[in-house]
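Student: Could you go through this structure with me and explain how the labels are earned? I'd like to know the reasons behind the terms.

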Amino acid sequence: MRPQIDIGGDTITSPPVFHAFGQDNQPWQTIEGVVVSAAKSGTQGGIYWDYGNVEEAKVGTFGSPAEVPTRGVLINGIVKSGGNDFHGSGFYAFQNHVLQGNNIDAALNAQGISAPGQLEFRTDYSGDLGGRLIRNKLWFYAGARRRTQKQDTLQCFQPSGDQCFSDDFQIFDTQKVSWQVNNANKVIGFHTHARKISMGSGSRLTAWESRSGQELPSNVEKGEWQAVKGNSLMISVMGADMHWWSNFRGYAYGKVLTTDTVLGTTTGMSASDGDDPDDYSHQVRGSISWFKPDLLFGNHDIKVGSQFMRRRSDRPRSSRSRGPDDTAHDFNEGTVPASYDSGNYQLQLRQGVPFRVIVFNYPATPLDLENYADAYAQDSWRMGSRLTLNLGVRFAHDLGFAPPQCRSAADPPGDVANPAQCFPLIEEPVWNTLSPRIHVAFDPLGDGKTVIKGGWGRFRMMRYTDMTQIANWNQFNQTTYVWHDLNNDKLYQAGEVNLDPNQGTTCRRRREMVRSRWAWSTRMSRLPGPTSSRPRSSGN
C-alpha cells in the first residue's frame with residue numbers, strides 16, 4: 001500500500017485515499033465492523049475517522065478471505081472500549097507560518113508571485129475518557145476532537161487587495177457502550193459523528209467571489225449482540241447504519257456563473273453551488289465461528305456468515321434560487337442575503353466575446369439504490385506447526401435499481417428542456433456470483449522465522465450506483481445553446497437563445513457483464529531474531 005504523505009500540507013478535511021498496487025477502487029473499509037466504503041466508484045466518500053479513537057486496526061492489501069467481497073484495500077478499525085478502571089487522555093497541537101519558509105526570489109517576483117500560500121494557523125485538540133458504569137457489567141468510552149485551519153492562496157487576491165485564503169473546521173465525537181449481560185452474552189452499542197465546514201478559495205484564474213462553502217455531517221452507528229456457546233462457538237449479529245450528506249454553497253450571491261473558455265477565467269457563482277450529495281448504507285449481518293481441534297489432520301477455525309446492505313450514493317442538485325431557509329445561512333461565512341437568485345445557467349465567453357449558454361436542470365433529486373446480499377464459508381485449517389490453509393467460498397446477489405420517481409420542472413430557462421415528469425422503475429441485470437478463495441502459509445524450516453505465502457482467488461466487482469445512474473433519466477444534466485448577445489451587455493436575456501427542445505439525443509441501454517478478477521500471489525519473508533509467530537494463511 002502506497003501511503004499518501006502530506007508533510008505540512010492542507011488536506012486535514014480531505015478523506016483518505018488508499019492505494020494498493022496502483023489501484024484505489026473496490027476498497028472494503030469498516031469501523032467497528034460497519035462498512036463505510038462508498039457505494040460509488042472511488043474510496044471512502046464523506047466518512048471521516050478520528051484515528052485517535054482507534055485502538056487497533058487490521059490492514060490488508062490483497063488476498064482477503066471469503067468474508068470480504070472486494071479485492072481492494074481492507075481496513076477494519078476497532079474503537080477503544082471502557083473497562084473497570086477509568087482512563088483518559090488529552091492532546092493539543094498548534095502550528096502557524098513561523099516555521100514555514102518560501103523560495104520566492106527576484107525571478108518569481110518578476111512573474112507577479114510576491115507571497116507564498118502561507119499557513120496562517122492549524123490547531124488540533126482532543127480528549128477521551130473510558131471507564132465503568134457498573135463494575136464487571138457495563139462500561140463506556142467517549143472521545144471528542146476539534147481541528148481548524150486557515151491557509152493563504154498563492155497568486156489570488158480579494159477585491160480589497162488582501163490575499164485569498166481557505167478556511168476549514170472539523171469536529172468529531174464518539175461513544176461506545178459495552179454491556180456484559182451474563183458470561184455468555186454481550187451487547188455493544190457504538191456511534192460516531194463528524195462534521196466539517198469548509199470555505200474554499202479562489203485562484204489566479206478563479207475570482208475570490210467564485211469560491212464555495214461546504215457543510216458535511218456524517219454518522220456511523222451499530223448495535224451488536226455477541227454470544228459464546230461452550231468453549232468453541234461464537235455468534236455475532238449486528239445491525240448498523242452509515243450516512244453522510246453535504247451541501248455546497250457559493251458566495252457570489254445573485255451573480256451568474258461566467259467562464260471564459262480561452263482565458264480560463266471564472267467569475268460569478270461557484271459551479272459547485274447546489275451540489276448536495278447523499279450517501280448511506282443500511283446494514284444487517286451475522287456470523288457463526290466454530291473452533292474444532294484435531295479434525296482431519298489439524299485444527300479448524302470455521303466461520304460462516306451472511307449480510308444484507310441497501311446502499312445509496314447520489315448527487316442531487318438543489319435550486320440556485322434560494323430563500324431564508326437555505327443551508328447557506330448555517331455555514332457560509334459573512335452576511336448571506338435573505339434571498340438571492342444566481343441563475344440556473346452558466347455563461348461562456350471566448351476571449352470576452354459571448355459564445356454559449358449552458359442551462360442546468362436544477363432542482364434534480366435522483367434516487368439510485370443497490371441491494372446486496374451475500375453468504376460465505378471459510379476455514380483456517382492449521383496442519384501441525386508449519387502449514388496453514390485458508391479455504392473459502394462466497395456467494396453474492398447484487399441488484400442495482402432506480403425506483404419509480406418524479407421530478408418537478410427545472411427552474412427557468414431549464415424548464416423548457418426539462419419539464420415536470422415521472423420515470424418508471426429501472427432494474428439492472430442481477431449479478432449472482434460465486435467466488436472461491438484459497439491461500440496458504442508454509443514455514444519451510446520449522447523455526448517460526450521464515451514463511452512462504454501464496455494464494456489464488458476470484459474477486460467479483462460490487463455494483464456501483466454510478467452504473468444505475470447511467471440508465472436513470474432522473475439525473476442532473478446540462479443543455480448547451482448557442483448564445484447571441486443582442487445588446488452586447490454580456491448578460492443573458494430571453495430571446496437571445498433558441499430554447500427549442502426538439503433537437504435531442506437518444507439513450508441506448510447497454511448490455512452488461514459481471515466484472516470479476518482472478519488474483520494470485522506468492523511471497524516469502526523471514527524474521528531476523530527469535531519469534532513465537534506461526535504461519536498463517538493470508539495474502540497480506
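Tutor: Sure, let's begin with empty space: the second largest cavity has a volume of about 70 Å³. This is a predicted model, where local features need pLDDT of at least 70 and side-chain atom pairs count only at pLDDT 80 or more, while totals for chains, interfaces and linings use all residues. Residues are numbered from 1 along each chain as its sequence is written, and side-chain values use heavy atoms, with hydrogens and water left out.

Student: What makes a space a cavity, and how many cavities of 30 Å³ or more are there?

Tutor: On a 1 Å grid over the protein atoms alone, a cavity is a set of points where a 1.4 Å probe fits but cannot get out. Grid points are joined across faces, edges and corners, and the volume is the space filled by probe spheres set on the points. The count is four cavities of 30 Å³ or more.

Student: Which residues line the second largest cavity?

Tutor: Lining residues have an atom within 4 Å of a point. Among them here are Pro69, Tyr372, Arg394, Asp398, Trp431 and Met462. Strands β22 (387-402) and β26 (431-442) each supply at least two residues of that lining. Trp431 has a charged neighbour too: Arg463 lies over its face, 4.2 Å from the ring centre.

Student: What makes a charge sit "over" a ring?

Tutor: NZ of Lys or CZ of Arg must be within 6 Å of the ring centre and within 35 degrees of the ring normal. Another case is Lys150, whose charged end sits over the ring of Phe165, 4.3 Å from the centre.

Student: Why is the pair of Phe165 and Trp208 called tilted?

Tutor: Rings of Phe, Tyr and Trp (its six-membered ring) pair if their centres lie within 6.5 Å; planes under 30 degrees apart count as stacked, over 60 as edge-to-face and the rest as tilted. The whole structure has eight aromatic pairs. For Phe165 and Trp208 the centres are 5.3 Å apart and the planes are at 45°, so the pair is tilted. Phe165 is in strand β8 (residues 163-182) and Trp208 in the loop between β9 (185-199) and β10 (212-229), 43 residues apart, so the pair links distant parts of the chain. Elsewhere, Tyr251, Tyr253 and Tyr340 form one aromatic cluster.

Student: How do you know whether Phe165 and Trp208 are buried or exposed?

Tutor: Buried means under 20% relative accessible area, exposed over 50%, and partly exposed in between (1.4 Å probe, protein chains only). Phe165 has 15%, so it's buried. Trp208 has 11%, so that one is buried as well. Across the protein chain, buried residues make up 47% of the 540 residues.

Student: How do you know that Cys156 and Cys164 form a disulfide?

Tutor: A disulfide is a pair of cysteine sulfur atoms within 2.5 Å, and the S to S distance of Cys156 and Cys164 is 2.1 Å. The angle about their S-S bond is -65°, and the link is left-handed. Cys156 has a relative accessible area of 2%, so it's buried, and Cys164, with 0%, is therefore buried too.

Student: The structure holds two disulfides, so what makes the link of Cys406 and Cys422 right-handed?

Tutor: Their sulfur atoms are 1.9 Å apart, and the torsion about the S-S bond is about 105°, so the disulfide is right-handed. Cys406 lies in strand β23 (residues 405-407) and Cys422 in strand β24 (residues 421-423), so the pair ties together parts that are 16 residues apart in sequence. Cys422 has a relative accessible area of 53%, so it counts as exposed.

Student: What makes a stretch a strand, and how many strands are there?

Tutor: Helices (H or I, at least four residues) and strands (E, at least two) are DSSP runs, numbered from the N terminus. The protein chain has three helices and 29 strands.

Student: Why do β14 and β28 count as edges?

Tutor: Two strands pair if DSSP finds at least two bridges between them. Five strands form an open sheet with mixed pairing, in the order β14-β13-β19-β20-β28. β14 (266-267) and β28 (478-482) each have a single partner strand, so one side of each is left without a neighbour in the sheet. Strand β13 (residues 257-260) is joined to β14 by two bridges, and they run antiparallel.

Definitions and conventions
1 Å grid on protein atoms, 1.4 Å probe; cavity = no way out; pocket = protein on both sides within 12 Å on 5 of 7 lines; lining within 4 Å.
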